[in-house]
Structure formats: structure tokens, C-alpha cells
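Colleague: Got a minute to go through the empty spaces and the surface of this one with me?

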Amino acid sequence: MLTVVSIILIIHICAGTIGLLSGTVSLFSRKGFPLHRKWGHIFFVSMLVMGATGAFVAFMRDRPDSTIAGLLTFYLVSTAWMAVRRKSGQIGNFEKISPLLALSCAIYAISVGVAAAETEIGTIRGFPPTFYFGQAGLAAFMIALDVSVIVRGGLSGAQRIARHLWRMGFAMFVAATSIFLGNPQVFPEPVRRIEILAAPVLIIVVTSVFWLLRVQFTNLYKKPKKSLPHAT
């Protein structure tokens with residue numbers, strides 16, 4: 001019989017697969033247009049499910065590295081979504097509460113890093129303290145950006161779209177890295193080569209950077225448009 005963890009793992013794999021497929025369409029489609037919104041909705045839901053279930057399975061299997069990655073993915077996708085759902089120049093309770101999840105990840109990562117440093121082999125689950133401290137630093141960086149948004153009372157125009165894009169892109173990067181580079185054994189032997197498996201990850205990075213540069217250095221999103229609050 002399948003255990004609860006096994007069932008949730010299956011859900012995690014299915015959600016991750018749907019997330020990568022829908023994310024690919026959304027990533028390459030023009031931002032704010034119907035095709036992007038449609039597939040962006042699917043990407044948003046599937047990535048939330050993937051992050052939550054991945055964190056749960058990792059926690060049950062005593063994998064703090066993946067637990068933190070799953071929670072940060074959930075946090076990234078939810079805050080990216082709210083960036084374009086919220087009206088320009090406004091914030092709400094969500095923006096004030098969501099940094100607590102990132103803060104929890106940072107505290108947890110630091111505690112695991114300290115514990116790793118105190119072990120005889122200097123690692124936990126094969127990762128040294130610096131890896132976990134790096135995860136904590138990443139979470140702290142995101143918290144700092146959230147605080148900036150709260151202090152300014154929200155974002156508008158290109159800044160709002162940029163926040164949405166880089167957080168969604170980074171979440172997709174984490175998911176792609178996890179499957180292609182973190183679990184190469186799931187792929188057939190002929191394609192199990194680093195240059196092949198790293199290609200999708202690199203494509204995500206390059207495409208995300210392209211859209212960020214286009215948003216920041218063109219007039220496309222300088223002025224808020226009525227359709228933008230519903231862009232995904």
C-alpha cells in the first residue's frame with residue numbers, strides 16, 4: 001500500500017511536471033497577453049502545490065536542504081503572483097505577513113548550518129554549513145526586498161512587473177535545477193550528460209534575464225496599464 005508520503009510525492013512529481021511545461025509556455029509568451037495569463041495561472045497553482053508537497057516530503061525524509069528549497073519556492077511564487085494582482089502603489093496584509101515565511105526559512109537554514117558545522121564530517125545530507133548559510137542569505141535578501149516594498153507602500157510600473165518576473169523565474173530555476181541536475185537518474189542514460197541536463201536550466205536563466213532587461217530598459221511597462229493587475 002502507498003503511504004501518505006508516497007502519495008504526496010506522486011502529487012509533487014505531477015505538479016512539478018505541469019509547472020515546468022506551463023512555465024515554459026508562460027516564459028516564452030509575451031507578458032500580460034492572454035496566452036501568458038492562461039498558462040501563468042496553471043504555472044502558479046502547480047508551483048504552489050509542488051513547493052508545498054516537496055517541502056513536506058523532504059521534511060518527512062529529513063532533507064533540510066530540500067525542505068528549505070520547497071518553502072522558498074512556495075514563497076517566491078506566491079509573492080510574485082501578488083505583485084501583479086495588487087493594484088499599483090498599494091500593499092495589504094499579505095505583503096506584511098509573507099516575509100515571515102522567508103524569515104522562518106532563514107532561521108531554519110542557519111540552525112541546520114550550525115548543526116552541520118558541529119558534526120564529525122562537517123556536513124548534513126552531504127551539504128556543508130556554507131550551503132545552508134547561503135540559503136539563509138538568499139532568504140534574508142528576499143526579506144530585505146519585501147521590507148523595501150512595505151516601506152514604499154507598494155510598487156508600480158516596471159518595478160512591479162520586474163518583481164513578478166524575477167521571482168517566478170527564480171522559482172522555475174529552482175524547480176528545473178532540482179529535476180535536471182539534482183535527479184539525473186530519472187532520465188535515460190543517453191541524455192544523462194551534464195551539458196544536456198544543464199541546457200534547460202540555462203535557457204530559463206537567459207530567458208528570464210531577457211524579459212527583466214526588456215521591462216527595465218524599454219518603455220513597455222513604464223506606465224501602468226489596466227490589464228497589468230491581472231497579468232501572471
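Modeller: Sure, we can take pockets, then cavities, then a surface patch. It's a predicted model, so to speak of local features we need pLDDT of at least 70, side-chain atom pairs count only at pLDDT 80 or more, and totals for chains, interfaces and linings use all residues. Residues are numbered from 1 along each chain as its sequence is written, and side-chain values use heavy atoms, with hydrogens and water left out.

Colleague: How much space lies in the largest pocket?

Modeller: About 1,200 Å³. A pocket here is an open set of points on a 1 Å grid over the protein atoms alone, with protein on both sides within 12 Å along at least five of seven lines; a cavity is a set where a 1.4 Å probe fits but cannot get out; lining residues have an atom within 4 Å of a point. Grid points are joined across faces, edges and corners, and the volume is the space filled by probe spheres set on the points.

Colleague: Which residues are closest to the centre of that largest pocket?

Modeller: His12, Ser66, Ser178, Ile179 and Asn183, out of 38 that line the largest pocket. H1, H2, H3, helix H6 (129–152) and H7 each give two or more residues to that lining, and H7 has the largest share with 8 residues. Helices are DSSP runs (H or I, at least four residues), numbered from the N terminus.

Colleague: And how does the lining of the largest pocket divide by class?

Modeller: Into 20 nonpolar, 15 polar and 3 charged residues. Ala, Val, Leu, Ile, Met, Phe, Trp, Tyr, Cys and Pro count as nonpolar, Asp, Glu, Lys and Arg as charged, and the others, Gly among them, as polar.

Colleague: What lines the second largest pocket?

Modeller: Leu145, Ser148, Val149, Arg152, Leu155, Gln159, Ala162, Arg163, Trp166, Leu212 and Gln216. H6, H7 and H8 each give two or more residues there, and the volume of the second largest pocket is about 190 Å³.

Colleague: Cavities next. How many of 30 Å³ or more?

Modeller: There are 3. The largest cavity holds about 160 Å³, and 15 residues line it, with Ser26, Leu27, His36, Met168 and Gly169 closest to its centre. By class, that lining has 6 nonpolar, 8 polar and 1 charged residues.

Colleague: Which helix gives the largest share of the lining of the largest cavity?

Modeller: H7, with 5 residues.

Colleague: What's nearest the centre of the second largest cavity?

Modeller: Met82, Ala83, Glu95, Val149 and Arg163, from a lining of 15 residues. The second largest cavity has a volume of about 120 Å³. H3 (64–85) gives the most to its lining, with 3 residues, while helix H4 (93–97) and H7 each supply at least two. By class, that's 6 nonpolar, 4 polar and 5 charged residues.

Colleague: Switching to the outside: which residues form the nonpolar surface patch?

Modeller: Val4, Phe56, Phe59 and Met60, with about 410 Å² of accessible area together. Patch residues have over 30% relative accessible area and no salt bridge (a side-chain nitrogen of Lys or Arg within 4 Å of a carboxyl oxygen of Asp or Glu). Nonpolar side chains (Val, Leu, Ile, Met, Phe, Trp, Tyr) are joined within 5 Å, like charges within 9 Å. Areas come from the Shrake-Rupley method with a 1.4 Å probe, and for residues only the protein chains shown count as cover.

Colleague: Where does the largest share of the patch come from?

Modeller: Helix H2 (residues 34–60), with 3 residues. Val4 sits in helix H1 (residues 4–28).

Colleague: Why does Val4 count as exposed?

Modeller: Because its relative accessibility is 56%, and exposed means over 50% (buried is under 20%, partly exposed in between; 1.4 Å probe, protein chains only).
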